[in-house]
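Reader: Could you take me through a few of the labels people put on a model like this? I'd like to see what stands behind each one.

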Amino acid sequence: MTESPVLNVVRPAPERAELLQWMYARLRDEYGEKPLEPRRDPMHELVSTILSQRTNWRDEDAAYQELRTLGDWDAIIAAPTEAVAHAIRRSNYPESKAPRIQATLRAIRDAPGGYDLDFLRELPVKDALKWLTDLPGVGVKTASLVLLFNYARPVFPVDTHVHRVNTRVGTIPRMGEQAAHRALLGLLPPEPPLLYELHINLLKHGQKICTWSRPRCRQCVLRERCDAFALYGDQVPSFSEKAPPSA
């Protein structure tokens, strides 16, 4: 009788931390080194990340560019919400995102410093996360992206791709994306360049290989240490935050 594999997800935290370092190295070999350099200014990053929820990057960028045709941030706040929703229509759920974006911009405008977010560079990380997540429509993923990408703070953004790959490999048990931010950060060193590169390469891996349905496991550089591949081989099921009945 074949013994059941010892899954990563039940291993102690130091072993799962080592697994993440192995994943970092394998993904670097596959996708290359990614230097930590801001890709856009902080306000652009913040608003675009709100737009990116359940939206691909092309539609996110198109929505952002059309949003900015309405004018500066003050003009977007003053615009009818229906006009903002129309401008961001390439993003999914524009009717719900439009009022959240306006409320977020209004809260930032009325805060000390206004639209200049550079104070986040020196604020303790816990306080910086709280300040951002207290904004309407800003969750921990968006806050973490702004802090890591723009200010090289030691946080680890977890989007749907990062979440899916880590759950399948078994670095974390099945949990929601919010909880996964804390769980993964607790296993990773507080080194922003590593956190950034791992995030970017996990995202790419989730888009190309470890997809939501029909993952391309035979092409996966992580399969030799992946819980899902150990359990299912080439028949890894579509992803769900909930464990399947047989698991």
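Author: Here are some labels, each with its reason. This is a predicted model, where local features need pLDDT of at least 70 and side-chain atom pairs count only at pLDDT 80 or more, while totals for chains, interfaces and linings use all residues. Residues are numbered from 1 along each chain as its sequence is written, and side-chain values use heavy atoms, leaving out hydrogens and water.

Reader: Why is helix 7 called oblique to helix 8?

Author: Helix 7 (residues 125–133) and helix 8 (residues 140–151) pack at about 125°, with axes 9 Å apart. Under 35 degrees is roughly parallel, over 145 roughly antiparallel, 65 to 115 roughly perpendicular, and the rest oblique. So helix 7 is oblique to helix 8.

Reader: Which residues make the contact?

Author: With contact meaning heavy atoms within 4.5 Å, helix 7 brings Ala128, Leu129, Leu132 and Thr133, and helix 8 brings Val140, Ala143, Ser144, Val146 and Leu147. By class, that's seven nonpolar, two polar and no charged residues.

Reader: What makes Tyr93 count as exposed?

Author: Exposed is over 50% relative accessible area, buried under 20%, and partly exposed in between (1.4 Å probe, protein chains only). Tyr93 has 53% relative accessibility, so Tyr93 counts as exposed. Tyr93 sits in the loop between helix 5 (81–87) and helix 6 (94–110), and its phi is near 60°, positive in a residue other than glycine.

Reader: And how do you know that Arg214 counts as exposed?

Author: Arg214 comes in at 75% relative accessibility, so Arg214 is exposed too. Its place is the loop between helix 11 (192–208) and helix 12 (227–232). Phi of Arg214 is near 50°, again a positive value in a non-glycine residue.

Technical notes: Axes are lines fitted to C-alpha atoms, for helices over the stretch in contact, and angles run from 0 to 180 degrees between N-to-C directions. Helices (H or I, at least four residues) and strands (E, at least two) are DSSP runs, numbered from the N terminus. Ala, Val, Leu, Ile, Met, Phe, Trp, Tyr, Cys and Pro count as nonpolar, Asp, Glu, Lys and Arg as charged, and the others, Gly among them, as polar.
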